[in-house]
Amino acid sequence: MRRSSAQGVLYGQTVANVAGIANSDLECMDILYLEGRVSAGRLAEVTGLTTGAITGVVDRLEKAGLVRRERDEKDRRKVFISVVPETAMKIGQLYVPMQQAMEKVFGAYSDEELRLLLRFAVEGYKGVLAATEALKGLLDTPPEKRPNLKLKKLR
């Protein structure tokens, strides 16, 4: 799992390099793609970045033509960020080799096995979300008051 996760990060870095953007900007764009149209504050909340850092990310992505800022029609003070589908598709094409490789892997499994793998992936995602929130809780805890976390030995 760790190797696969690390390789996924490396693949994302390669996509970012080919696309000519920073990996962190690509990650923010991915979140925008998954979340849909969101405010800069929401993007900061989801990523854990400061609103100032998000402004820089959005400026760079907007300059690259990958996202756009849109004013709320009801409250012109509110600004939302959304993905520009036409240019985002160009980055999406960089995932074709990954998609092809995974289709080959998945093709070797029965429907029952795929359902189990999907359940594992969904539950694993929920576990990672919970762990992330727990770790974020340590941000406001002085280092000397943080619990002494110890890894369990794997079977």
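This is a guided tour of a predicted model, moving from the whole chain to its sheet and then to one residue in a loop.

**The whole chain**

Begin with the full chain selected and coloured by secondary structure. The display should show 7 helices and 3 strands. Followed from the N terminus, these elements appear in the order α-α-β-α-α-β-β-α-α-α. The chain is more spread out than a compact globule, because its radius of gyration is 19 Å, well over the 15 Å that the globule rule gives for 155 residues. Aligned on its principal axes, the C-alpha trace extends over about 55 × 50 × 30 Å.

Next, switch to a surface view. The accessible surface amounts to about 12300 Å², and carbon and sulfur atoms contribute 58% of that area. Of the 155 residues in the chain, 20% are buried. Among contacts with a separation of 6 or more, 42% are made by residues 24 or more positions apart.

For the charges, select the positive and the negative side chains as two groups. There are 25 positive and 20 negative charges in the chain, and their mean positions lie 6 Å apart.

**The sheet**

Now select residues 38-39, 67-71 and 79-83, which are β1, β2 and β3 respectively. Together the 3 strands make an open sheet with antiparallel pairing, arranged as β1-β3-β2. Which strands stand at the edges? They are β1 and β2; each has a single partner strand, so one side of each is left without a neighbour in the sheet.

Zoom in on the pairing of β1 with β3. These two strands run antiparallel and are joined by 2 bridges. To locate a bridge, select Ser-39 and Phe-80: the latter, in β3, is the bridge partner of Ser-39.

**The loop at Ile-21**

Move next to the loop that lies between α1 (2-19) and α2 (23-35), and select Ile-21 within this loop. Is Ile-21 buried or exposed? Its relative accessibility is 12%, and since buried means under 20%, Ile-21 counts as buried.

To see what surrounds this side chain, display the residues that touch it. Apart from neighbours within four places in sequence, Ile-21 contacts Ala-16, Leu-26, Leu-61, Leu-66 and Ile-91. From this group, pick Leu-61 and draw a distance between the two C-alpha atoms. Ile-21 and Leu-61 are separated by 40 residues in sequence, while their C-alpha atoms are 8.0 Å apart in space.

Definitions and conventions:
Residues are numbered from 1 along each chain as its sequence is written. This is a predicted model: local features need pLDDT of at least 70, side-chain atom pairs count only at pLDDT 80 or more; totals for chains, interfaces and linings use all residues. Side-chain values use heavy atoms; hydrogens and water are left out. Helices (H or I, at least four residues) and strands (E, at least two) are DSSP runs, numbered from the N terminus. The radius of gyration is taken over C-alpha atoms; the globule rule is 2.2 Å times the number of residues to the power 0.38. Buried means under 20% relative accessible area, exposed over 50%, partly exposed in between (1.4 Å probe, protein chains only). Contact means heavy atoms within 4.5 Å. Accessible areas come from the Shrake-Rupley method with a 1.4 Å probe; for residues, only the protein chains shown count as cover. Lys and Arg count as positive and Asp and Glu as negative; His and the chain ends are not counted. The place of a charge is taken as NZ of Lys, CZ of Arg, CG of Asp or CD of Glu. Two strands pair if DSSP finds at least two bridges between them.
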